[in-house]
Amino acid sequence: MTDSILARKIGMTQVYADDGSCIPVTVLKAGPCIVVNEKTQEKDGYAAVQIGLVEKEPKNLVKPLAGYFKQQNVAPVRVLREIKPKSPEKYAIGTKVTVEQIFNPGDRVNVIGTSKGKGFAGGVKRHGFRGGPATHGSMFHRAPGSIGSSSYPSRVYKGQRLPGHMGHERVTVENLKVVDVLKNKDLILIRGAVPGTVGSLVIINKMS
Amino acid sequence: MSMVIENLEQSLARKNVLNFRSGDIVKVHVKIKEGDKSRIQVYEGIVMRRRGRGLKETFTVRKVSYGVGVERIFPINSPIVDKIDMVREGNVRRACLYYLRGKKGKAAQVRAKNLYGVATSAAKATAQAE
């Protein structure tokens, strides 16, 4: 049960605290969101609220979704996500959710996003393997090395850390501090970095 | 950089910053906090360089204090910088005056701009005041 909002990452900059210290911040365009649907314990087996991020309207909306928005009597949105707010009764269908309603400077938040894709990455980059010496006649540089024993077990254990696809996965960064919330601009400044590329979707959850 | 961040930085940045460049001698009024009291200390020296732009711009000021070279880097928009005053405009041909580090005495000085008879903005201001 957390209050959440959908946001898009805009980029990073820095602001100054009163004592002159410099705070690195990520600027996020958070909301406004619109409540599209309610899920109830009786009807759906769980309680949640479906919200959509209000931005540019979708260009080509598939007919089933267009019908859905018409049925809910809500303007079409590009992104729909379910959240589990603390008091779902406040979220009637069609209600606008803005960032200043939920967050205040000083709050702690968890931010969920999709990390930047790194492609097929080796063990050194993907798992932090140390690799070998670069010079002095060394012939072992960035290879993974031994991946297990020989005749017993005669196989590689499951979960063995090997090269492979890295990034582009759901990442949660916990316990970030809200530095500022800019009213009427729908902007939120969060201390530190947030997963994903500029323009990518993130969900900001308030820590309880 | 996105316009949103640019506008945000502009709204947070200091307005009416003194127009100075490397080679100028400036007085930087620095807020110093001691316990719950704060006072202002003036730091005077030659501007060695300015770097960055917008909210992130910084400048380096060098002075020789009791025979020891001191360089301090100030962010232009930091709240600890109360104000910046121009003492003398310098005449230099470089953006970064790192050559001052190895020099002593007269060689470590920067020629003033108005020695060449060029009316500087600082000189104009004093003339107007008179």
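# Domains, salt bridges and backbone geometry in a predicted model

User: In this predicted model, how far apart do the C-alpha centres of domain 1 of chain A and domain 2 of chain A lie?

Analyst: The domain assignment gives domain 1 of chain A as 3–122 + 172–206 and domain 2 as 123–167. The C-alpha centres of these two domains of chain A are separated by 39 Å.

User: How many residues does each domain of chain A bring to the contact?

Analyst: Both domains of chain A take part in the contact. From domain 2 of chain A come ten residues, and from domain 1 of chain A come eight residues.

User: How much area do domain 1 of chain A and domain 2 of chain A bury between them?

Analyst: The size of an interface is often given as the accessible area lost when the parts come together. Carbon and sulfur atoms carry 65% of the area buried between domain 1 and domain 2 of chain A. The area buried between the two is about 630 Å².

User: Which residues in domain 1 of chain A lose the most area to domain 2 of chain A?

Analyst: Three residues in domain 1 of chain A together give 63% of what that side buries. They are Lys118(A), Ala121(A) and Gly122(A).

User: How many residue pairs are in polar contact between domain 1 of chain A and domain 2 of chain A?

Analyst: By class, the side of domain 1 of chain A that touches domain 2 has two nonpolar, four polar and two charged residues. The rule finds zero salt bridges across this interface of chain A. For polar contact between domain 1 and domain 2 of chain A, with both residues at pLDDT 80 or more, the count is six residue pairs.

User: Which residue forms a salt bridge with Glu55(A)?

Analyst: Glu55(A) sits in the loop between strand E4 (48–53) and helix H2 (63–72) of chain A, and its partner is in strand E1 (residues 4–16), 47 residues apart. Glu55(A) is partly exposed at 31% relative accessibility, and the partner is partly exposed at 22%. The closest N and O atoms are 2.8 Å apart, and the partner is Arg8(A).

User: Is Asp107(A) buried or exposed?

Analyst: Asp107(A) forms a salt bridge with Lys206(A), with the closest N and O atoms 3.6 Å apart. Asp107(A) lies in the loop between helix H3 (99–102) and strand E7 (108–114) of chain A and Lys206(A) in strand E12 (residues 201–206), so the pair ties together parts 99 residues apart in sequence. Lys206(A) is partly exposed, with a relative accessible area of 26%. Because its relative accessible area is 17%, and the cut-off is under 20%, Asp107(A) counts as buried.

User: In what order do helices and strands follow one another in chain B?

Analyst: Chain B has two helices and five strands. Of its 130 residues, 31% count as buried. Among the contacts in chain B with a separation of 6 or more, residues 24 or more positions apart account for 50%. Read along the sequence, the pattern of chain B is α-β-β-β-β-β-α.

User: What is the N to O distance in the salt bridge of Lys83(B) and Asp85(B)?

Analyst: Side chains of opposite charge can pair when their charged atoms come close. Here Lys83(B) is partly exposed, with a relative accessible area of 40%, and Asp85(B) is partly exposed at 28%. The N to O distance between their side chains is 4.0 Å.

User: Which residues are joined into one network by salt bridges that share partners?

Analyst: Over all chains the count comes to nine salt bridges. Those that share partners join Arg62(B), Glu71(B) and Arg101(B).

User: What is the omega of the peptide bond from Tyr152(A) to Pro153(A)?

Analyst: Pro153(A) is placed in the loop between helix H4 (123–127) and strand E9 (164–166) of chain A. The peptide bond from Tyr152(A) to Pro153(A) is cis, with omega near 15 degrees.

User: What phi does Asn184(A) have?

Analyst: Asn184(A) lies in the loop between strand E10 (170–182) and strand E11 (187–191) of chain A. At 73% relative accessibility, Asn184(A) counts as exposed. Although Asn184(A) is not a glycine, its phi is positive, about 65 degrees.

User: Where is Tyr66(B) found?

Analyst: Tyr66(B) is not a glycine, yet has a positive phi of about 50 degrees. Tyr66(B) counts as exposed at 84% relative accessibility. Its place is the loop of chain B between strand E3 (58–65) and strand E4 (68–75).

Terms used
Residues are numbered from 1 along each chain as its sequence is written. Chains are lettered from A and ligands numbered from 1 in the order in which they are written. This is a predicted model: local features need pLDDT of at least 70, side-chain atom pairs count only at pLDDT 80 or more; totals for chains, interfaces and linings use all residues. Side-chain values use heavy atoms; hydrogens and water are left out. Domain bounds come from an automatic or database domain assignment. Contact means heavy atoms within 4.5 Å. Buried area is the accessible area (1.4 Å probe) that two parts lose on being put together, summed over both. A polar contact is a pair of N or O atoms within 3.5 Å; within protein, one must be able to donate a hydrogen and the other to accept it, and residues adjacent in sequence count only if both atoms are side-chain atoms. Ala, Val, Leu, Ile, Met, Phe, Trp, Tyr, Cys and Pro count as nonpolar, Asp, Glu, Lys and Arg as charged, and the others, Gly among them, as polar. Helices (H or I, at least four residues) and strands (E, at least two) are DSSP runs, numbered from the N terminus. Buried means under 20% relative accessible area, exposed over 50%, partly exposed in between (1.4 Å probe, protein chains only).
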